[in-house]
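Student: Could you take me through one part of this structure slowly, please? I would like to look closely at the sheet and at what surrounds it.

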Amino acid sequence: MISIIPEGFNEFVCKAGRCRHTCCQLWEIDIDDDTAAYYLHLKGPMGDKLRRNMEKNEEGWHFKLRKDRHCGMLRPDGLCEVITELGEDKLCDICMVHPRFFTYAGEFILCGTGLCCERTCEILMDGKQPLAFHEEDTDFIYSFRELLEFMGFSISEALSHFTPRPDEGNYRNLLSDLAATDPIDEAWTREMAELTKDVPAVVTAAGRYSATYDPLLFDRLYQFIFYRQLDKAETYGLEAVAEYARRSTEFIFLEAARLGDVGEQMRRWSEQIEYDTGNVDFLIQQL
Ligand code: SF4
(Lines give C-alpha, C1' and ligand atoms only; values in the text may rest on other atoms or scores of the structure.)
Protein backbone atom coordinates (compact mmCIF):
# COMPACT_ATOMS: atom_id res chain seq x y z
CA MET A 1 0.00 0.00 0.00
CA ILE A 2 1.16 3.55 -0.73
CA SER A 3 0.43 6.12 1.99
CA ILE A 4 -0.14 9.73 0.99
CA ILE A 5 -0.52 12.74 3.26
CA PRO A 6 -0.95 16.41 2.34
CA GLU A 7 2.01 18.51 3.45
CA GLY A 8 1.55 20.14 6.84
CA PHE A 9 -0.82 17.48 8.13
CA ASN A 10 1.86 15.29 9.68
CA GLU A 11 2.38 18.02 12.28
CA PHE A 12 -1.24 17.93 13.43
CA VAL A 13 -1.63 18.48 17.19
CA CYS A 14 -5.05 18.81 18.84
CA LYS A 15 -5.68 22.24 20.41
CA ALA A 16 -7.38 20.56 23.39
CA GLY A 17 -8.52 23.22 25.92
CA ARG A 18 -7.75 26.04 23.43
CA CYS A 19 -10.25 24.72 20.86
CA ARG A 20 -13.39 26.85 20.43
CA HIS A 21 -15.33 24.02 18.77
CA THR A 22 -14.34 20.87 20.52
CA CYS A 23 -15.18 17.71 18.59
CA CYS A 24 -16.50 16.20 21.87
CA GLN A 25 -19.98 17.53 21.13
CA LEU A 26 -23.04 16.97 18.94
CA TRP A 27 -22.09 13.38 18.02
CA GLU A 28 -22.76 10.35 20.14
CA ILE A 29 -19.27 8.84 20.24
CA ASP A 30 -19.27 5.05 19.80
CA ILE A 31 -17.18 3.04 22.24
CA ASP A 32 -15.56 -0.09 20.78
CA ASP A 33 -16.26 -3.38 22.59
CA ASP A 34 -12.80 -3.79 24.18
CA THR A 35 -12.77 -0.28 25.61
CA ALA A 36 -16.39 -0.59 26.74
CA ALA A 37 -15.49 -3.80 28.61
CA TYR A 38 -12.56 -1.97 30.28
CA TYR A 39 -14.79 0.96 31.33
CA LEU A 40 -17.53 -1.39 32.57
CA HIS A 41 -15.11 -3.17 34.90
CA LEU A 42 -13.05 -0.18 36.02
CA LYS A 43 -13.20 0.27 39.79
CA GLY A 44 -13.36 3.57 41.72
CA PRO A 45 -14.92 6.99 41.04
CA MET A 46 -13.69 7.14 37.42
CA GLY A 47 -15.31 3.80 36.65
CA ASP A 48 -18.57 5.03 38.22
CA LYS A 49 -18.42 8.26 36.24
CA LEU A 50 -17.70 6.49 32.96
CA ARG A 51 -20.62 4.11 33.48
CA ARG A 52 -22.95 7.03 34.28
CA ASN A 53 -21.97 8.59 30.96
CA MET A 54 -22.32 5.49 28.79
CA GLU A 55 -25.38 3.93 27.26
CA LYS A 56 -26.06 1.02 24.93
CA ASN A 57 -28.34 0.68 21.94
CA GLU A 58 -28.67 -1.97 19.21
CA GLU A 59 -25.37 -0.77 17.67
CA GLY A 60 -23.38 -1.03 20.93
CA TRP A 61 -22.04 1.35 23.56
CA HIS A 62 -21.58 5.10 23.15
CA PHE A 63 -21.02 8.15 25.34
CA LYS A 64 -24.19 10.00 26.31
CA LEU A 65 -24.48 13.66 25.44
CA ARG A 66 -25.27 16.11 28.24
CA LYS A 67 -28.10 18.65 27.89
CA ASP A 68 -25.60 21.10 26.34
CA ARG A 69 -24.85 18.33 23.77
CA HIS A 70 -21.24 17.88 24.95
CA CYS A 71 -19.74 14.53 25.90
CA GLY A 72 -20.21 13.87 29.62
CA MET A 73 -16.46 13.27 30.03
CA LEU A 74 -15.48 16.74 28.78
CA ARG A 75 -14.28 19.02 31.59
CA PRO A 76 -15.29 22.70 31.79
CA ASP A 77 -11.72 23.67 30.76
CA GLY A 78 -12.13 21.73 27.49
CA LEU A 79 -9.94 18.79 28.48
CA CYS A 80 -11.07 15.16 28.37
CA GLU A 81 -11.32 13.49 31.77
CA VAL A 82 -10.45 10.08 30.32
CA ILE A 83 -7.07 11.48 29.23
CA THR A 84 -6.38 13.53 32.36
CA GLU A 85 -7.36 10.76 34.80
CA LEU A 86 -6.52 7.53 32.96
CA GLY A 87 -4.17 8.50 30.14
CA GLU A 88 -4.52 8.79 26.35
CA ASP A 89 -4.09 5.03 25.86
CA LYS A 90 -7.42 4.47 27.65
CA LEU A 91 -9.43 6.36 25.04
CA CYS A 92 -11.86 4.39 22.88
CA ASP A 93 -10.76 3.77 19.27
CA ILE A 94 -12.75 6.65 17.78
CA CYS A 95 -11.40 9.24 20.25
CA MET A 96 -7.88 7.88 19.72
CA VAL A 97 -8.03 8.30 15.94
CA HIS A 98 -10.30 11.34 15.44
CA PRO A 99 -9.96 13.67 13.52
CA ARG A 100 -7.59 11.61 11.36
CA PHE A 101 -9.02 9.90 8.30
CA PHE A 102 -7.69 7.09 6.15
CA THR A 103 -9.35 6.74 2.76
CA TYR A 104 -8.58 3.47 0.98
CA ALA A 105 -8.49 3.85 -2.81
CA GLY A 106 -7.01 0.87 -4.67
CA GLU A 107 -3.41 0.47 -3.52
CA PHE A 108 -3.42 3.94 -1.90
CA ILE A 109 -4.15 5.03 1.66
CA LEU A 110 -5.04 8.72 1.60
CA CYS A 111 -4.40 10.14 5.06
CA GLY A 112 -5.26 13.46 6.65
CA THR A 113 -7.33 15.11 9.33
CA GLY A 114 -10.93 16.23 8.86
CA LEU A 115 -12.12 19.77 8.28
CA CYS A 116 -14.64 19.47 11.11
CA CYS A 117 -11.59 20.10 13.29
CA GLU A 118 -10.62 23.70 13.94
CA ARG A 119 -6.89 22.92 13.82
CA THR A 120 -7.24 21.20 10.42
CA CYS A 121 -8.87 24.34 8.99
CA GLU A 122 -5.99 26.42 10.37
CA ILE A 123 -3.41 24.13 8.72
CA LEU A 124 -5.22 24.47 5.41
CA MET A 125 -5.45 28.26 5.75
CA ASP A 126 -1.86 28.71 6.95
CA GLY A 127 -0.37 27.12 3.80
CA LYS A 128 0.91 29.72 1.35
CA GLN A 129 1.72 27.27 -1.45
CA PRO A 130 -0.51 25.08 -3.64
CA LEU A 131 -1.51 21.91 -1.81
CA ALA A 132 1.22 19.27 -2.12
CA PHE A 133 1.02 15.58 -1.27
CA HIS A 134 3.81 13.61 0.31
CA GLU A 135 4.30 9.92 -0.38
CA GLU A 136 5.21 8.57 3.03
CA ASP A 137 8.48 6.62 3.37
CA THR A 138 9.84 8.36 0.25
CA ASP A 139 10.86 11.90 -0.69
CA PHE A 140 8.29 12.16 -3.46
CA ILE A 141 6.01 15.21 -3.43
CA TYR A 142 3.10 15.54 -5.87
CA SER A 143 0.84 18.37 -6.92
CA PHE A 144 -2.83 17.42 -6.86
CA ARG A 145 -2.87 16.73 -10.57
CA GLU A 146 0.31 14.67 -10.37
CA LEU A 147 -1.19 12.65 -7.52
CA LEU A 148 -4.28 11.91 -9.60
CA GLU A 149 -2.08 10.79 -12.49
CA PHE A 150 -0.06 8.59 -10.12
CA MET A 151 -3.36 7.00 -9.03
CA GLY A 152 -4.33 6.34 -12.64
CA PHE A 153 -6.80 9.23 -13.12
CA SER A 154 -6.61 11.95 -15.65
CA ILE A 155 -8.26 15.35 -15.35
CA SER A 156 -7.90 18.63 -17.16
CA GLU A 157 -5.94 21.47 -15.57
CA ALA A 158 -9.20 23.45 -15.27
CA LEU A 159 -10.89 20.67 -13.27
CA SER A 160 -8.01 20.58 -10.80
CA HIS A 161 -8.77 24.15 -9.67
CA PHE A 162 -11.75 25.89 -8.13
CA THR A 163 -13.57 28.64 -9.98
CA PRO A 164 -16.63 30.19 -8.29
CA ARG A 165 -19.86 30.22 -10.29
CA PRO A 166 -22.20 32.60 -8.50
CA ASP A 167 -25.39 32.38 -10.54
CA GLU A 168 -28.94 31.97 -9.35
CA GLY A 169 -29.82 28.64 -11.01
CA ASN A 170 -26.58 27.09 -9.83
CA TYR A 171 -27.10 28.30 -6.24
CA ARG A 172 -30.77 27.24 -6.11
CA ASN A 173 -29.77 23.72 -7.13
CA LEU A 174 -26.91 23.55 -4.68
CA LEU A 175 -28.95 24.85 -1.74
CA SER A 176 -31.87 22.57 -2.48
CA ASP A 177 -29.55 19.51 -2.37
CA LEU A 178 -27.88 20.68 0.83
CA ALA A 179 -31.25 21.37 2.45
CA ALA A 180 -32.22 17.74 1.78
CA THR A 181 -29.25 16.33 3.74
CA ASP A 182 -29.75 14.90 7.21
CA PRO A 183 -29.22 17.91 9.55
CA ILE A 184 -26.70 17.74 12.37
CA ASP A 185 -28.70 20.25 14.42
CA GLU A 186 -31.58 22.72 14.21
CA ALA A 187 -29.21 25.57 13.45
CA TRP A 188 -28.32 23.92 10.11
CA THR A 189 -32.01 23.64 9.17
CA ARG A 190 -32.56 27.33 10.06
CA GLU A 191 -29.49 28.31 8.05
CA MET A 192 -30.74 26.48 4.96
CA ALA A 193 -34.17 28.12 5.28
CA GLU A 194 -32.58 31.55 5.53
CA LEU A 195 -30.31 30.97 2.53
CA THR A 196 -33.09 29.71 0.27
CA LYS A 197 -35.38 32.63 1.23
CA ASP A 198 -33.35 35.16 -0.75
CA VAL A 199 -31.04 33.47 -3.25
CA PRO A 200 -30.45 36.64 -5.34
CA ALA A 201 -28.98 38.35 -2.22
CA VAL A 202 -26.65 35.38 -1.74
CA VAL A 203 -25.58 35.58 -5.40
CA THR A 204 -24.88 39.31 -5.03
CA ALA A 205 -22.75 38.75 -1.92
CA ALA A 206 -20.85 35.93 -3.64
CA GLY A 207 -20.36 38.05 -6.78
CA ARG A 208 -18.78 40.79 -4.65
CA TYR A 209 -16.61 38.27 -2.84
CA SER A 210 -15.32 36.95 -6.21
CA ALA A 211 -13.31 40.16 -6.53
CA THR A 212 -11.56 39.85 -3.15
CA TYR A 213 -11.34 36.16 -2.20
CA ASP A 214 -8.09 34.22 -1.90
CA PRO A 215 -7.96 31.85 -4.95
CA LEU A 216 -5.00 29.90 -3.50
CA LEU A 217 -6.88 29.09 -0.29
CA PHE A 218 -10.01 28.01 -2.17
CA ASP A 219 -7.92 25.86 -4.52
CA ARG A 220 -6.33 24.17 -1.51
CA LEU A 221 -9.79 23.64 0.01
CA TYR A 222 -11.30 22.26 -3.21
CA GLN A 223 -8.42 19.82 -3.73
CA PHE A 224 -8.52 18.71 -0.10
CA ILE A 225 -12.27 17.97 -0.25
CA PHE A 226 -11.78 16.17 -3.59
CA TYR A 227 -8.79 14.17 -2.22
CA ARG A 228 -10.75 12.87 0.76
CA GLN A 229 -13.45 11.34 -1.46
CA LEU A 230 -11.22 9.79 -4.15
CA ASP A 231 -12.27 6.29 -3.10
CA LYS A 232 -15.73 7.13 -4.45
CA ALA A 233 -14.42 7.69 -8.00
CA GLU A 234 -14.68 3.98 -8.72
CA THR A 235 -18.41 3.93 -7.90
CA TYR A 236 -19.55 7.35 -9.11
CA GLY A 237 -16.85 8.43 -11.60
CA LEU A 238 -14.15 11.04 -11.13
CA GLU A 239 -16.24 13.84 -12.67
CA ALA A 240 -19.01 13.36 -10.09
CA VAL A 241 -16.50 13.47 -7.23
CA ALA A 242 -14.91 16.60 -8.74
CA GLU A 243 -18.32 18.25 -9.01
CA TYR A 244 -19.16 17.29 -5.41
CA ALA A 245 -15.89 18.96 -4.31
CA ARG A 246 -16.56 22.02 -6.47
CA ARG A 247 -20.11 22.49 -5.13
CA SER A 248 -18.96 21.92 -1.55
CA THR A 249 -16.26 24.56 -2.01
CA GLU A 250 -18.81 26.86 -3.63
CA PHE A 251 -21.06 26.52 -0.57
CA ILE A 252 -18.18 27.43 1.77
CA PHE A 253 -17.37 30.30 -0.60
CA LEU A 254 -20.92 31.70 -0.49
CA GLU A 255 -21.07 31.38 3.31
CA ALA A 256 -17.71 33.16 3.61
CA ALA A 257 -19.09 35.86 1.28
CA ARG A 258 -22.11 36.38 3.55
CA LEU A 259 -20.65 35.81 6.99
CA GLY A 260 -16.85 36.08 6.75
CA ASP A 261 -14.60 33.75 8.82
CA VAL A 262 -13.80 31.26 6.06
CA GLY A 263 -12.25 28.79 8.54
CA GLU A 264 -15.47 28.57 10.52
CA GLN A 265 -17.49 28.09 7.30
CA MET A 266 -15.24 25.13 6.34
CA ARG A 267 -15.56 23.57 9.77
CA ARG A 268 -19.31 23.98 9.90
CA TRP A 269 -19.82 22.55 6.40
CA SER A 270 -17.61 19.58 7.25
CA GLU A 271 -19.40 18.64 10.47
CA GLN A 272 -22.72 18.71 8.62
CA ILE A 273 -21.66 16.93 5.43
CA GLU A 274 -18.34 15.07 5.66
CA TYR A 275 -19.05 13.52 9.05
CA ASP A 276 -22.25 11.88 7.87
CA THR A 277 -21.18 9.56 5.07
CA GLY A 278 -24.85 9.21 4.12
CA ASN A 279 -24.87 12.94 3.32
CA VAL A 280 -21.74 12.67 1.15
CA ASP A 281 -23.20 9.75 -0.81
CA PHE A 282 -26.53 11.53 -1.19
CA LEU A 283 -24.87 14.67 -2.60
CA ILE A 284 -22.69 12.74 -5.05
CA GLN A 285 -25.69 10.69 -6.19
CA GLN A 286 -27.50 13.93 -7.11
CA LEU A 287 -24.79 14.47 -9.72
S1 SF4 B 1 -11.78 19.89 16.93
FE2 SF4 B 1 -9.60 19.38 16.51
S3 SF4 B 1 -8.40 20.82 17.73
FE4 SF4 B 1 -10.53 20.85 18.51
S5 SF4 B 1 -10.61 19.34 20.21
FE6 SF4 B 1 -11.21 18.25 18.35
S7 SF4 B 1 -9.31 17.38 17.49
FE8 SF4 B 1 -8.72 18.96 18.97
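Tutor: Happy to help; we will start with the sheet, move to the domain around it, and end with a few single residues. A word on the ground rules: this is a predicted model, in which local features need pLDDT of at least 70 and side-chain atom pairs count only at pLDDT 80 or more, while totals for chains, interfaces and linings use all residues. Residues are numbered from 1 along each chain as its sequence is written.

Let us begin with the strands. Helices (H or I, at least four residues) and strands (E, at least two) are DSSP runs, numbered from the N terminus. Two strands pair if DSSP finds at least two bridges between them. Here five strands make an open sheet with mixed pairing, and their order is E5-E6-E1-E7-E8. At the edges sit strand E5 (100–105) and strand E8 (141–143), each pairing on one side only. Ignoring direction, neighbouring strands are turned by 30° against each other on average; the axes behind that angle are lines fitted to C-alpha atoms, and angles run from 0 to 180 degrees between N-to-C directions.

Now follow E6 and its two partners. Strand E1 (residues 2–6) runs parallel to strand E6 (residues 108–113), and three bridges link them. Along this pairing, Ile2 stands opposite Phe108, and Ser3 faces Ile109. With E5, E6 pairs in the antiparallel sense, over six bridges. One example is Thr103, whose bridge partner in E6 is Leu110. The hairpin of E5 and E6 has two residues between the strands, and Gly106 in it takes a positive phi near 60°.

Next, step back to the domains, whose bounds come from an automatic or database domain assignment. The chain is divided into domain 1 (2–9 + 101–153), domain 2 (24–97) and domain 3 (159–285). Between domain 1 and domain 3, the C-alpha centres are 20 Å apart. Their contact involves 22 residues from domain 1 and 21 residues from domain 3, where two residues are in contact if their C-beta atoms, placed from the backbone, lie within 7 Å. On the side of domain 1 that touches domain 3, E5, E6, helix H5 (118–126) and helix H6 (144–150) each supply at least two residues. H5 gives the largest share of that side, five residues. Sorted by class, the side has 15 nonpolar, four polar and three charged residues; Ala, Val, Leu, Ile, Met, Phe, Trp, Tyr, Cys and Pro count as nonpolar, Asp, Glu, Lys and Arg as charged, and the others, Gly among them, as polar.

Finally, look at the backbone around the sheet. Most residues other than glycine have a negative phi, and most peptide bonds are trans. In the loop between H4 and E5 you will find Pro99, and a cis peptide bond, with omega about 5°, joins His98 to Pro99. Further along, Asp137 lies in the loop between strand E7 (132–135) and E8. Asp137 is not a glycine, yet its phi is positive, about 70°. Is Asp137 buried or exposed? Asp137 counts as exposed because it has 8 C-beta neighbours inside 10 Å; a residue is buried if 20 or more other C-beta atoms lie within 10 Å of its own, exposed if 12 or fewer, and partly exposed in between, with C-beta atoms placed from the backbone.
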